[in-house]
Amino acid sequence: MSRPMRFSFLIAAALAAVSCGERNGGGASSEAAAPLTIEEQGRRAFSACAICHSVKDPTEPGYASLVGPSLFGVVGAPSAHLSGYDYSRAMREANLVWDDATLDAFLQNPQQIVPRTRMAFAGEPNVERRQAIIAFLKTLN
Ligand code: HEC
């Protein structure tokens, strides 16, 4: 091999090593293999909600209430949808229906949509994340 050729071979090998390392970083390779559905993205984003919200059917045996109400069947339901949960007065009197638009507005800024709600969550600013979370909530019924 002539000198310049060997040099460019070394550069190519180094570049290949760098791009391999990138591809293996952060679990990106498995996402590339099977793109997540919007519901799966929402299930992941729901980890921000799961500390306070169960997604289980509260009428099933073994249901344990967390700080917030279960969100099972919440899409399309009226606000304060669970009869067994002790909602704030603000939520009991909010008189909303949890359709896509209302959920989106509430998840972006809970205090603006239901002033003095007890839900201690600042809001999800990213619209795609909110849409994914709502798609996931629709699977809970
Ligand atoms: C720190 C705890 C906490 C977090 C985090 C939280 N919530 Fe809540 N959420 C509550 C509480 C408490 C209530 C009841 C509020 C009230 O009575 O004013 C509530 C109420 C709700 C309601 C109304 C339910 C109904 O029956 O009317 C929805 C919908 C909701 N939360 C969705 C979410 C979603 C989606 C997330 C994540 C993006 C989230 N919440 C994050 C505590 C939380």
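Helices here are DSSP runs of at least four residues, and strands are runs of at least two, numbered from the N terminus. With that in mind, welcome to the tour of this predicted model.

**Stop 1: the whole chain.** Show everything as a cartoon. How many helices and strands are there in the protein? You should find 8 helices and 0 strands, and reading along the sequence gives the pattern α-α-α-α-α-α-α-α. Of the 141 residues in the protein, 28% are buried. Now think about contacts between residues at least 6 apart in sequence: 37% of them join residues at least 24 apart.

**Stop 2: helix 8.** Select residues 127-138, which form helix 8. Try a distance between the C-alpha atoms at its two ends: they are 17 Å apart, which agrees with the 16 Å that 12 residues should span at 1.5 Å a residue. Next, colour the buried residues of this helix, which are R130, A132, I133, I134, A135, F136 and L137. What covers them? The cover includes helix 3 (38-45) and helix 6. For a close-up, pick I133: beyond residues up to four places away in sequence, it touches G42, A45, F46 and L107.

**Stop 3: the nonpolar core.** In soluble globular proteins, nonpolar side chains tend to be buried together. Here, the largest nonpolar core has 19 residues. Show F46, M91, W98, F106, I133 and L137 as sticks, as these have the most contacts inside the core. Helix 6 (100-108) and helix 8 are the elements that give two or more residues to this core, and the largest share, 4 residues, comes from helix 8.

**Stop 4: T102.** Move over to helix 6 and select T102, which lies in that helix. Is T102 buried or exposed? Its relative accessibility is 18%, and buried means under 20%, so T102 counts as buried. Leaving aside neighbours within four places in sequence, look for its contacts with L96 and V97.

**Stop 5: the largest pocket.** Finish by turning on a surface. The largest pocket has a volume of about 530 Å³. It is lined by 28 residues, and the closest to its centre are H53, G68, P69, F106 and M119. You have met F106 already, among the residues with the most contacts inside the core. Which helix gives the most to the lining? That is helix 6, with 3 residues; helix 4 (47-50) and helix 8 also supply at least two each. Colour the lining by class and you will see 22 nonpolar, 5 polar and 1 charged residues.

Key
Residues are numbered from 1 along each chain as its sequence is written. This is a predicted model: local features need pLDDT of at least 70, side-chain atom pairs count only at pLDDT 80 or more; totals for chains, interfaces and linings use all residues. Side-chain values use heavy atoms; hydrogens and water are left out. A nonpolar core is a set of buried Ala, Val, Leu, Ile, Met, Phe, Trp, Tyr and Cys residues joined through side-chain atoms within 4.5 Å. Buried means under 20% relative accessible area, exposed over 50%, partly exposed in between (1.4 Å probe, protein chains only). Contact means heavy atoms within 4.5 Å. On a 1 Å grid over the protein atoms alone, a cavity is a set of points where a 1.4 Å probe fits but cannot get out, and a pocket is an open set with protein on both sides within 12 Å along at least five of seven lines; lining residues have an atom within 4 Å of a point. Grid points are joined across faces, edges and corners, and a volume is the space filled by probe spheres set on the points. Ala, Val, Leu, Ile, Met, Phe, Trp, Tyr, Cys and Pro count as nonpolar, Asp, Glu, Lys and Arg as charged, and the others, Gly among them, as polar. The expected span of a helix is 1.5 Å times one less than its number of residues.
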